[in-house]
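Trainee: Could you take me closely through one part of this model, and set that part in the context of the whole chain?

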Amino acid sequence: MGTFIKKLETKCPECGTQLTDPETKYCPECGAPYLPEPQLSRGTAIWIILALIFVFPIGVIGALVAYYDLNKKKEAWRQERLINAVERG
Ligand SMILES: [Zn+2]
């Protein structure tokens, strides 16, 4: 998880100037070309984390609901079988 959130602050490889603009192509101090490593943007990381936070409970709730539903169906099936058995005498 920790690898998703990388600090966006970057330094110029030539002079070490802090490059605050993530879109920058050249260092504003020495003009050295700057090619940042492609990395997951903070927005994407936040969306992934939010999706995990929201999707995980939905998955758990879905599993619980499915399990509860199955139990109810099994219960109904058992009762139906009992009724059938009684009717057959
Ligand atoms: Zn520089």
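Mentor: Read from the start of the sequence to the end, the protein follows the pattern β-β-α, that is, two strands and one helix. Since this is a predicted model, let us begin with how confident the predictor is. The mean pLDDT of the protein is 83, and 87% of the residues score at least 70. Over residues 1–6, however, the pLDDT is below 50, and beyond near neighbours in sequence this stretch has five contacts in the model. Among the elements, strand 1 (residues 10–11) has the lowest mean pLDDT, 78, whereas helix 1 has the highest, 91.

The part I would look at closely is the helix, with the loops that precede it in the sequence. Helix 1 covers residues 42–88, and its 47 residues should span 69 Å at 1.5 Å a residue; the C-alpha atoms at its ends are 68 Å apart, which agrees with that expectation. The number of buried residues among those 47 is zero, so helix 1 lies largely in the open. For the protein as a whole, buried residues make up 1% of the 89 residues.

Between strand 2 (18–19) and helix 1 runs a loop, and P33 lies in it. P33 counts as exposed because it has 10 C-beta neighbours inside 10 Å, where the cut-off for an exposed residue is 12 or fewer. Leaving out residues up to four places away in sequence, P33 touches K25 and Y26. Its C-alpha atom is also separated by 9.0 Å from that of P13, although P33 and P13 are 20 residues apart along the chain.

The loop between strand 1 and strand 2 holds C15. With 11 other C-beta atoms within 10 Å, C15 is exposed as well. Apart from neighbours within four places in sequence, C15 is in contact with C27, E29 and C30. The C-alpha atoms of C15 and A32, which are 17 residues apart along the chain, are separated by 8.5 Å.

To return to the whole chain, consider the contacts in the protein between residues at least 6 apart in sequence: 19% of them join residues at least 24 apart. The picture to keep in mind is thus of a helix 1 with zero buried residues, preceded in the β-β-α order by two strands, with C15 in the loop between strand 1 and strand 2 and P33 in the loop between strand 2 and helix 1.

Key: Residues are numbered from 1 along each chain as its sequence is written. This is a predicted model: local features need pLDDT of at least 70, side-chain atom pairs count only at pLDDT 80 or more; totals for chains, interfaces and linings use all residues. Helices (H or I, at least four residues) and strands (E, at least two) are DSSP runs, numbered from the N terminus. The expected span of a helix is 1.5 Å times one less than its number of residues. A residue is buried if 20 or more other C-beta atoms lie within 10 Å of its own, exposed if 12 or fewer, and partly exposed in between; C-beta atoms are placed from the backbone. Two residues are in contact if their C-beta atoms, placed from the backbone, lie within 7 Å. pLDDT is the predictor's confidence in each residue, from 0 to 100.
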